[in-house]
Amino acid sequence: MTAESLHQLHETRAGSEPFYLPTANEVEIFEQCHAQNLAVMLKGPTGCGKTRLVEHMAWRLNRPLVTIPCHDDLAASDLIGRFLIRHDGTHWHDGPLTRAVREGAICYLDEVVEARQDTIVILHALTDHRRILPIDKTGETVKAAPGFQLVVSYNPGYQRMLKDLKPSTRQRFVAMDLDFPAAERELAIIREESGADHPTAHALVSLAHRIRALRDRGLAEVPSTRLLIATALLAKNGVPIREACYAGLISPLSDDESLVGAMRDLVDATFV
């Protein structure tokens, strides 16, 4: 882990509270999982607040947070570490997972299904009673420090036969299903995060619910709370509301002309 990453860990622990408005009892369940050394799996659509929940819980539990975005090329060595050649010889360099295990941090693997299966397997020994991380290249076995917790997330909407977790992996986690907040809570989140006025936030939430109904008509991704906040920020800072919706809400969702046209019509009907 780089010096910059260590600095970010310090900032995560010492910073102000990340705003998170619970939709159910996810905060209480997360706290109990942390107390009982249980790994957590967060499932939900893009932009519904999974990452923000983890950030909020790291602050609430006063633990450093290591976030790892997963992708197809993520190798086990990217997580565990590798030997690096320097001017004074070869030195072992801990990866972010190893550092989190040593430090007792919360380690968050975002979109874990994107990682290769042979990479995910290395997590198994950390998610049961052993709580260890074997490092084959050095022969060391790292025991998880108190406070260490493994958290993973993914969007079930992206699941395919080749992009799913094996049952032997899934059953090592306590799973929480998250979704977009109810209308009133989503309105409150938009106002808090963007500073938008009540009428604008209310109209954006109403628009989002109408667009989300287009999923059955071929829309692969529906508007996330994150997109609504971005749109509200544009509008609050001087961009005309329709233009803000076109750029912040509609264009990111699709390139299909018919779908884009239908969504633009909904924008025009909402903001007359």
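Colleague: Before I count anything, what counts as a helix or a strand here?

Modeller: Helices and strands are DSSP runs, with at least four residues for a helix and at least two for a strand, numbered from the N terminus. The model is a predicted one.

Colleague: Fine. How many helices and strands does the protein chain have?

Modeller: There are 12 helices and 9 strands in the protein chain.

Colleague: And what does the C-alpha trace span along its principal axes?

Modeller: About 65 × 40 × 40 Å.

Colleague: What share of the residues is buried?

Modeller: The protein chain has 272 residues, and 46% of them count as buried. Its accessible surface is about 13600 Å², and carbon and sulfur atoms account for 51% of that.

Colleague: What about contacts between residues at least 6 apart in sequence: what percentage join residues at least 24 apart?

Modeller: That figure is 73% for the protein chain.

Colleague: Charges next. How far apart are the mean positions of the positive and negative ones?

Modeller: They are 4 Å apart, taken over 30 positive and 36 negative charges.

Colleague: Switching to rings. How many aromatic pairs does the structure hold?

Modeller: It holds 1 aromatic pair. The partners are Phe83 and Trp92, with ring centres 5.1 Å apart. Their planes are at 75 degrees, and planes over 60 degrees apart count as edge-to-face, so this pair is edge-to-face.

Colleague: Why give both a distance and an angle?

Modeller: Because a pair of aromatic rings is described by the distance of the centres and the angle of the planes.

Colleague: How accessible are Phe83 and Trp92?

Modeller: Phe83 has 42% relative accessibility and is partly exposed. Trp92 is also partly exposed, at 23%.

Colleague: Which charged ends sit over rings?

Modeller: Arg212 has its charged end over the ring of Phe180, 4.1 Å from the ring centre. Arg264 has its charged end over the ring of Tyr246, at 3.8 Å from the centre.

Colleague: Let me pick a residue. Where is Thr231?

Modeller: Thr231 lies in helix 10, which covers residues 225–236.

Colleague: Is Thr231 buried or exposed?

Modeller: Buried: the relative accessibility of Thr231 is 0%. Anything under 20% counts as buried, so Thr231 qualifies.

Colleague: What is Thr231 in contact with, leaving aside neighbours within four places in sequence?

Modeller: Thr231 is in contact with Leu204, Ala244, Cys245, Gly248 and Leu249.

Colleague: Now helix 3. Which residues are buried there?

Modeller: Helix 3 runs over residues 50–60, and its buried residues include Lys50, Leu53, Val54, His56, Met57 and Ala58. After helix 3 comes Asn62, with a positive phi near 60 degrees.

Colleague: Why mention the sign of phi?

Modeller: Because most residues other than glycine have a negative phi.

Colleague: Which residue in the loop between helix 2 and strand 1 has a positive phi?

Modeller: Asn37, with phi near 60 degrees. Asn37 sits in the loop between helix 2 (26–35) and strand 1 (39–43), and at 41% relative accessibility Asn37 is partly exposed.

Colleague: And what is phi for Arg131?

Modeller: Phi of Arg131 is positive, about 50 degrees, and Arg131 is not a glycine. Arg131 is in the loop between helix 6 and strand 6 (132–135). Arg131 is buried, with a relative accessible area of 9%.

Colleague: Back to contacts. Where is Ala115, and what does Ala115 touch?

Modeller: Ala115 is in the loop between strand 5 (106–110) and helix 6 (117–120). Not counting residues up to four places away in sequence, Ala115 touches Cys70, His71, Leu74 and Ile120. Ala115 is buried, with a relative accessible area of 8%.

Colleague: How far is the C-alpha atom of Ala115 from that of Asp72?

Modeller: They are separated by 5.1 Å, and the two residues are 43 residues apart along the chain.

Colleague: What about Arg63 and Pro45?

Modeller: Arg63 and Pro45 are 18 residues apart along the chain, with their C-alpha atoms separated by 26 Å. Arg63 is in the loop between helix 3 and strand 2 (65–69), and Arg63 is buried at 18% relative accessible area.

Colleague: Last one: where is Ala175?

Modeller: Ala175 is in strand 9, residues 173–177. Ala175 is partly exposed at 42% relative accessibility. Leaving aside neighbours within four places in sequence, Ala175 is in contact with Met41 and Lys43.

Note on methods: Residues are numbered from 1 along each chain as its sequence is written. This is a predicted model: local features need pLDDT of at least 70, side-chain atom pairs count only at pLDDT 80 or more; totals for chains, interfaces and linings use all residues. Side-chain values use heavy atoms; hydrogens and water are left out. Buried means under 20% relative accessible area, exposed over 50%, partly exposed in between (1.4 Å probe, protein chains only). Contact means heavy atoms within 4.5 Å. Accessible areas come from the Shrake-Rupley method with a 1.4 Å probe; for residues, only the protein chains shown count as cover. Lys and Arg count as positive and Asp and Glu as negative; His and the chain ends are not counted. The place of a charge is taken as NZ of Lys, CZ of Arg, CG of Asp or CD of Glu. Rings of Phe, Tyr and Trp (its six-membered ring) pair if their centres lie within 6.5 Å; planes under 30 degrees apart count as stacked, over 60 as edge-to-face and the rest as tilted. A charge sits over a ring if NZ of Lys or CZ of Arg is within 6 Å of the ring centre and within 35 degrees of the ring normal.
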